[in-house]
Amino acid sequence: MPKQKFDIIQSTCIPIEIDNNNTDNIIPARYLAFTTRDPKFYGEAFMHDLRYDAEGKPIPDFVMNKPEFSEAPSKGIHEIIIGGQNWGSGSSREHAAWAIAGFGARVVISNSFADIHRNNLLNCFVLPVIVSREFQQELFQTVKENPKAEVKVDVSNQTVTNLTTGHSEQFPINSYKKYCLMNAYDDIDFLLSNTDKIEEWEKNER
């Protein structure tokens with residue numbers, strides 16, 4: 001999946017107000033049989049069975065098909081998803097994180113995440129932001145009133161701000177994962193960045 005450095009992400013949002021939105025919703029099980037790692041392929045599968053009917057036609061009432069939210073994520077536009085509580089419950093399929101990353105989202109905000117899915121998101125360079133239920137509901141209401149409303153996520157300071165109301169909350173993130181996101185490192189990149197230290201340690205241990 002694409003590696004991008006994380007610092008400040010300011011964007012409009014797609015509100016997917018579905019509690020217990022499980023990984024089978026996020027990407028249907030039939031996609032697990034594919035071996036491709038093409039981000040576009042999985043991005044098109046994101047929320048597929050809620051986005052499209054049996055004939056592959058967009059379902060007009062689903063939020064991602066509404067004109068104000070249908071534009072694909074790009075820098076500053078729809079890079080943030082506001083999700084319902086207990087986002088990513090169900091099976092631990094990594095494909096669910098691939099789908100969100102392939103779709104182009106860089107942040108998912110919820111008041112709670114399934115633990116395995118949360119870690120999968122981080123490994124795919126998607127930041128899961130945990131907020132209070134009250135702040136989550138405020139964000140939903142803000143975007144409902146103004147789909148062009150923006151939210152700012154400051155990774156360095158671990159804050160998320162509703163730019164319409166000015167309200168902010170801090171969110172937790174593992175310090176190692178924070179460092180990796182801010183430097184666009186996966187686990188292998190991190191090890192390679194410390195090659196000199198590793199070699200020095202091995203030399204001293206002989």
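Of the 206 residues in this protein, 44% count as buried. The model is a predicted one, and the exercises below walk through it step by step.

**Exercise 1. Find how many helices and strands the protein has, and see how its radius of gyration compares with the globule rule.**

Step 1: Start with the secondary structure. The protein contains 9 helices and 7 strands.

Step 2: Take the radius of gyration, which is 18 Å, and set it beside the 17 Å that the globule rule gives for 206 residues. The two values are close, so the protein is as compact as a globular protein of that length.

Step 3: Add the dimensions. Along the principal axes, the C-alpha trace spans about 65 × 45 × 25 Å.

Step 4: Look at contacts between residues at least 6 apart in sequence. Of these, 65% join residues at least 24 apart.

**Exercise 2. Describe what the protein exposes and how its charges are placed.**

Step 1: The exposed area is about 10600 Å², and 49% of it is supplied by carbon and sulfur atoms.

Step 2: Now count the charged side chains: 21 are positive and 29 are negative. The centres of these two sets lie 3 Å apart.

**Exercise 3. Which residues have the most contacts inside the largest nonpolar core?**

Step 1: The core in question has 51 residues. Phe46, Ile100, Leu127 and Val153 have the most contacts inside it.

Step 2: Ask which element gives the largest share. That is α4, with 7 residues.

Step 3: Zoom in on Phe46. Beyond its neighbours within four places in sequence, Phe46 is in contact with residues including Ile16, Ile26, Met64, Ile81 and Ile100.

**Exercise 4. Trace what the buried side of helix α5 packs against.**

Step 1: Helix α5 covers residues 115-123, and its buried residues are His117, Arg118, Asn120, Leu121 and Leu122.

Step 2: Those buried residues pack against α1 (23-26), α4 (95-103), β4 (127-130) and α7 (175-183).

Step 3: Follow the chain just past α5. There, Phe125 takes a positive phi of about 60 degrees.

**Exercise 5. Gly90 and Asn21 both sit in loops. Is each one buried or exposed?**

Step 1: Place them. Gly90 lies in the loop between β2 (80-83) and α4, while Asn21 lies in the loop between β1 (8-16) and α1.

Step 2: Apply the cut-offs, under 20% relative accessible area for buried and over 50% for exposed. Gly90 has 64% relative accessibility, so Gly90 counts as exposed. Asn21 has a relative accessible area of 0%, so Asn21 is buried.

Step 3: Check the contacts, leaving out residues up to four places away in sequence. Gly90 touches Asn22 and Thr23. Asn21 is in contact with Ile16, Ile26, Met47, Asn86, Trp87, Gly88 and Ser89.

Step 4: Finish with a distance. Gly90 and Leu139 are 49 residues apart along the chain, and their C-alpha atoms are separated by 25 Å.

**Exercise 6. Where is Glu79 found, and what does it contact?**

Step 1: Glu79 is in the loop between α3 (48-51) and β2.

Step 2: The cut-off for buried is under 20%. Glu79 has 8% relative accessibility, so Glu79 counts as buried.

Step 3: Compare sequence with space. Glu79 and Thr12 are 67 residues apart in sequence, yet their C-alpha atoms are 6.9 Å apart.

Step 4: Leaving aside neighbours within four places in sequence, the contacts of Glu79 include Ile9, Ser11, Thr12, Pro73, Arg106 and Val107.

Technical notes. Residues are numbered from 1 along each chain as its sequence is written. This is a predicted model: local features need pLDDT of at least 70, side-chain atom pairs count only at pLDDT 80 or more; totals for chains, interfaces and linings use all residues. Side-chain values use heavy atoms; hydrogens and water are left out. Helices (H or I, at least four residues) and strands (E, at least two) are DSSP runs, numbered from the N terminus. The radius of gyration is taken over C-alpha atoms; the globule rule is 2.2 Å times the number of residues to the power 0.38. Buried means under 20% relative accessible area, exposed over 50%, partly exposed in between (1.4 Å probe, protein chains only). Contact means heavy atoms within 4.5 Å. Accessible areas come from the Shrake-Rupley method with a 1.4 Å probe; for residues, only the protein chains shown count as cover. Lys and Arg count as positive and Asp and Glu as negative; His and the chain ends are not counted. The place of a charge is taken as NZ of Lys, CZ of Arg, CG of Asp or CD of Glu. A nonpolar core is a set of buried Ala, Val, Leu, Ile, Met, Phe, Trp, Tyr and Cys residues joined through side-chain atoms within 4.5 Å.
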